[in-house]
Amino acid sequence: MLVAGDAGVGKTRLLEEVAGQAAEAGMTVVTGHCVDLGDVGLPYLPFTEVLGVLAADDRFASALAAHPVVERLLGAGSDAARDVDGRLRLFEGLAGLLADVADIAPLLLVLEDLHWADQSSRDLLRFLLARGVLRHRLAVFASYRADDLHRRHPLRPLLAELVRLPAVERLELRPLADSDVARLVRALEPGPLPDATVRRIVERAEGTPSTRRSCSRPPTRGPAGCPAGSPTCC
Ligand SMILES: Nc1ncnc2c1ncn2[C@@H]1O[C@H](COP(=O)(O)OP(=O)(O)OP(=O)(O)O)[C@@H](O)[C@H]1O
Ligand SMILES: [Mg+2]
């Protein structure tokens, strides 16, 4: 599932809800984050994080031992896959590992902020989904900021490919209606709020739920109290 939406619209929150319910249902939930590192980037960063979590879980020791090639991602940095053959072995190793892990316990892989994924992470995700990892007891939820995807953004061609795969769906989180932001603000505030204050918050929110705390309460983060990634805040 590709979860798209503007900054602050609630992608992470939705993924947290999904992850919580999946964990309650007995799934292993592993999250990998993409990070904005500019042009430098760190190869395979979200998958390195995922592997680190799997490697720390005794249940998956035998699965990891069966695919030693993936250890190159653990702390191997940019040397992880220098040549084409090495890359292919690495990709196949990870696909095999995820399938084996999913055989041991159903797995939910959460990939956050794909708009910041570097080339190697995009290639690996493309490979895994095209190779049919989703045929196993494995689900992937990946988020990205739709408003960050300018015309030449490198994630665009990958998304266009992925949505054509039968197992892949896309969910777009749209901004909330003003009336819903107003209801949210009033529901979250313990005391009554003047109408003018609610209107001011709604105007500034531009449909994102992320603004209500910082606008209706004293600042807790930074001079404006705006949560990171919430450009529409006060
Ligand atoms: N449905 C909701 N109800 C109440 N609060 C919400 C809801 N969705 C999101 N929020 C709150 O809004 C804030 C921003 O949400 P979130 O971090 O999920 O946005 P995001 O889309 O992941 O943004 P970014 O692109 O910056 O990562 C968080 O504080 C979150 O708790
Ligand atoms: Mg987020």
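Here are some worked exercises on the structure shown above.

This is a predicted model, so local features are reported only at pLDDT of at least 70 and side-chain atom pairs only at pLDDT 80 or more, while totals for chains, interfaces and linings use all residues. Residues are numbered from 1 along each chain as its sequence is written, and chains are lettered from A and ligands numbered from 1 in the order in which they are written.

**Exercise 1: Get your bearings**

Task: find how many helices and strands the protein chain has, and which pattern they follow.

Solution. Start with the ground rule: helices (H or I, at least four residues) and strands (E, at least two) are DSSP runs, numbered from the N terminus. On that basis the protein chain has 9 helices and 5 strands. Reading along the sequence, you meet them as β-α-β-α-α-α-β-α-β-α-β-α-α-α.

Next, look at burial. A residue is buried if 20 or more other C-beta atoms lie within 10 Å of its own, exposed if 12 or fewer, and partly exposed in between, with C-beta atoms placed from the backbone. By this count, 34% of the 234 residues of the protein chain are buried.

Finally, contacts. Two residues are in contact if their C-beta atoms, placed from the backbone, lie within 7 Å. Take the contacts between residues at least 6 apart in sequence: 68% of them join residues at least 24 apart.

**Exercise 2: Put the sheet together**

Task: work out in which order the 5 strands line up in the open sheet.

Solution. Two strands pair if DSSP finds at least two bridges between them. Following the pairs gives the order β2-β3-β4-β1-β5, with parallel pairing. At the edges sit β2 (28–33) and β5 (170–173), each pairing on one side only. Neighbouring strands are turned by 20° against each other on average, direction ignored.

Now zoom in on β3 (residues 107–112). With β2 it pairs in the parallel sense over 6 bridges, and with β4 over 5 bridges, also parallel. On the β2 side, L108 is the bridge partner of V29, and E112 stands opposite H33. On the β4 side, L111 stands opposite A142.

**Exercise 3: Look at both faces of β3**

Task: decide which residues of β3 lie on each side of the strand.

Solution. A handy rule first: in a regular strand the side chains alternate between the two faces of the sheet. In β3, one side carries L107, L109 and L111 and the other carries L108, V110 and E112, all of them buried. Since 6 of the 6 residues of β3 are buried, the strand is largely enclosed by the rest of the structure.

Helix α1 (residues 11–24) lies across β1 (2–5), β2, β3, β4 (138–145) and β5, and runs at about 165° to β3. Such axes are lines fitted to C-alpha atoms, for helices over the stretch in contact, and angles run from 0 to 180 degrees between N-to-C directions.

**Exercise 4: Find the core**

Task: name the residues that touch the most other members of the largest nonpolar core.

Solution. A nonpolar core is a set of buried Ala, Val, Leu, Ile, Met, Phe, Trp, Tyr and Cys residues joined through C-beta atoms within 7 Å. The largest one has 41 residues, and L94, L98, V101 and L109 touch the most other members. Its elements giving two or more residues are β1, β2, α2 (45–55), α4 (84–104), β3, α5 and β4. The largest share, 9 residues, comes from α4. Leaving out residues up to four places away in sequence, V101 touches L54, F60, A63 and L107. A second, separate core of 6 residues includes V181, V198, I201 and V202.

**Exercise 5: Compare two loop residues**

Task: say whether H115 is buried or exposed, then place L42 on that scale.

Solution. H115 sits in the loop between β3 and α5. It is buried, because 20 other C-beta atoms lie within 10 Å. Beyond its neighbours within four places in sequence, H115 is in contact with Y144, R145, D148, L149 and L155. H115 and D148 are 33 residues apart along the chain, with 7.0 Å between their C-alpha atoms.

L42 belongs to the loop between β2 and α2. It counts as partly exposed, because it has 15 C-beta neighbours inside 10 Å. Apart from neighbours within four places in sequence, L42 is in contact with L37 and D118.
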